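Here's a short set of exercises to work through with the model open beside you. Try each task before you read its solution.

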Amino acid sequence: MAYSAQVMARARARLAEAREDRESENRQHLAEAYAQVPRIREIDMLLRKTMAVTARLAFASGADAREAMEQVKEQNLSLQREREYLIRENFEEGFLDESPICDHCGGLGYVGSNMCECLRELCRQEQKKELTFLNVGRETFEQFRLDYYSDFADPRQGVSPRAVMERTLQTCRRYATTFTERSENLLFSGDTGLGKTFLSACIARTVADRGYSVVYESAGHLFTNLERAKFSGDEAAREDIRKYTQCDLLIVDDLGTEMPGQFTTAALYSLINDRLLSGKPMIVSTNLTIDDLTRRYSSQIVSRLRGNFRRVAFIGEDIRVLKNRGY
């Protein structure tokens with residue numbers, strides 16, 4: 001799962017801070033134990049000496065060496081038992097537990113070349129913070145209200161908006177809960193105020209909760225960043241571009257609300273093409289029809305949206321208007 005450099009940096013910093021906090025706490029507890037029960041310090045010094053003797057005897061041979069090794073081992077075990085007894089009698093359980101913050105990686109974040117679950121969880125948390133910062137992440141599928149959609153059949157559709165939106169909700173929920181790095185692309189299509197942004201946010205939150213990297217961006221902000229990266233050399237914008245191409249799921253909201261132009265068309269084509277070639281999923285939401293998209297962008301872009309994206313329909317009345325009426 002591909003996390004952005006910023007997410008990884010913040011997660012590693014938090015892990016390093018947690019590791020240092022644990023080590024500092026362990027040092028403080030040990031100092032308190034030495035002050036309260038000096039015999040524990042004596043035992044620790046003796047244990048270090050027996051370790052040095054053991055290391056030396058490991059290179060010796062003969063019966064005398066083996067006998068000396070056994071004596072050192074017995075002394076070591078006796079000291080450990082005494083230490084455990086003193087700790088148990090004088091301190092609460094776990095006071096001198098010097099175990100690392102993670103038993104698998106020791107708090108380093110990796111087991112060999114593989115990311116440990118402790119660091120992966122911190123990445124998930126930092127990823128969700130990014131979505132929350134964008135006001136995405138509080139929405140849930142359970143909050144989506146189908147009663148805003150009429151259950152009377154639309155003459156043009158031959159089916160009621162509620163029936164269509166029930167299928168749409170099921171599609172979005174299934175997509176989010178079964179998402180993988182090879183999931184299909186979705187094109188959310190329909191008029192404004194029908195829930196496209198809300199369900200996009202639900203998918204973003206659920207997919208991020210499952211540990212995947214998600215970038216959720218409005219079309220206007222996305223194209224502004226693309227333009228800044230190309231023409232001004234803005235490093236922050238360049239990092240955003242890397243996120244757009246490398247994240248597990250890219251969600252582009254409100255395509256068609258950005259300023260039109262040749263750069264926008266070329267940048268959109270390049271972004272969609274790069275994601276398709278790398279097999280990385282996208283969700284694009286738009287208020288525009290296929291004819292509108294063709295006029296605004298290009299036939300090549302529309303060809304990719306029609307051929308490589310599954311269209312998810314949104315129909316009904318503008319929910320914002322219904323709310324203003326007191327629904």
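**Exercise 1: A surface pair**

Glu142 counts as exposed, because its relative accessibility is 61% and the cut-off for exposed is over 50%. Keep in mind that this is a predicted model.

Task: Find out which residue forms a salt bridge with Glu142, and where the two partners lie.

Solution: Start with the partner: Arg173 forms a salt bridge with Glu142, and the closest N and O atoms are 3.3 Å apart. Next, place them both. Arg173 sits in helix 5 (residues 161-177) and Glu142 in the loop between helix 4 (117-133) and helix 5, so the pair ties together parts that are 31 residues apart in sequence. Finally, check the partner's accessibility: Arg173 has a relative accessible area of 32%, so it is partly exposed.

**Exercise 2: Two more bridges**

Task: Work out whether Asp44 and Arg83 are buried or exposed, then look at the salt bridge of Arg310 with Glu184.

Solution: Take Asp44 first. It forms a salt bridge with Arg83, with 2.6 Å between the closest N and O atoms. This pair joins distant parts of the chain, as Asp44 is in helix 2 (residues 38-57) and Arg83 in helix 3 (residues 63-90), 39 residues apart. Both Asp44 and Arg83 turn out to be buried.

Now move to Arg310 and Glu184, whose closest N and O atoms are 3.1 Å apart in their salt bridge. Here too distant parts of the chain are linked: Arg310 belongs to strand 7 (residues 309-314), Glu184 to the loop between helix 5 and strand 3 (185-190), and 126 residues separate them. Arg310 is partly exposed at 35% relative accessibility, and Glu184 is partly exposed at 38%.

For the wider picture, the count comes to 13 salt bridges. Arg39, Glu42 and Glu82 are linked in a network of them.

**Exercise 3: Inside the nonpolar core**

Task: Say which element gives the most residues to the largest nonpolar core.

Solution: Begin with the core itself, which has 29 residues; Phe141, Phe188, Leu199, Ile203, Val207, Leu249 and Ile283 touch the most other members. Then list the elements that give two or more residues: helix 5, strand 3, helix 6 (196-209), strand 4 (214-218), strand 5 (249-255), strand 7 and helix 12 (319-324). Helix 6 comes out on top, giving 6 residues.

Another core, of 24 residues, lies apart from this one, and its members include Ala219, Leu222, Val284 and Tyr297.

Zoom in on Phe188: leaving out residues up to four places away in sequence, Phe188 touches several residues, including Leu199, Ile203, Ile283, Val312 and Phe314.

**Exercise 4: A buried serine**

Task: Decide whether Ser160 is buried or exposed.

Solution: First locate Ser160, in the loop between helix 4 and helix 5. Its relative accessibility is 10%, and buried means under 20%, so Ser160 is buried. Then check its contacts: neighbours within four places in sequence aside, Ser160 is in contact with Ser150, Asp151, Phe152, Ala153, Asp154 and Ile315.

**Exercise 5: Aromatic rings**

Task: Find how many aromatic pairs the whole structure has, and describe the one formed by Phe91 and Phe95.

Solution: The search finds 6 aromatic pairs. The rings of Phe91 and Phe95 are 5.0 Å apart centre to centre, with 5 degrees between the planes, and the pair is stacked. Both Phe91 and Phe95 are buried. Elsewhere on your list, Phe144, Tyr149 and Phe198 form one aromatic cluster.

Conventions: Residues are numbered from 1 along each chain as its sequence is written. This is a predicted model: local features need pLDDT of at least 70, side-chain atom pairs count only at pLDDT 80 or more; totals for chains, interfaces and linings use all residues. Side-chain values use heavy atoms; hydrogens and water are left out. A salt bridge is a side-chain nitrogen of Lys or Arg within 4 Å of a carboxyl oxygen of Asp or Glu. Helices (H or I, at least four residues) and strands (E, at least two) are DSSP runs, numbered from the N terminus. Buried means under 20% relative accessible area, exposed over 50%, partly exposed in between (1.4 Å probe, protein chains only). A nonpolar core is a set of buried Ala, Val, Leu, Ile, Met, Phe, Trp, Tyr and Cys residues joined through side-chain atoms within 4.5 Å. Contact means heavy atoms within 4.5 Å. Rings of Phe, Tyr and Trp (its six-membered ring) pair if their centres lie within 6.5 Å; planes under 30 degrees apart count as stacked, over 60 as edge-to-face and the rest as tilted.
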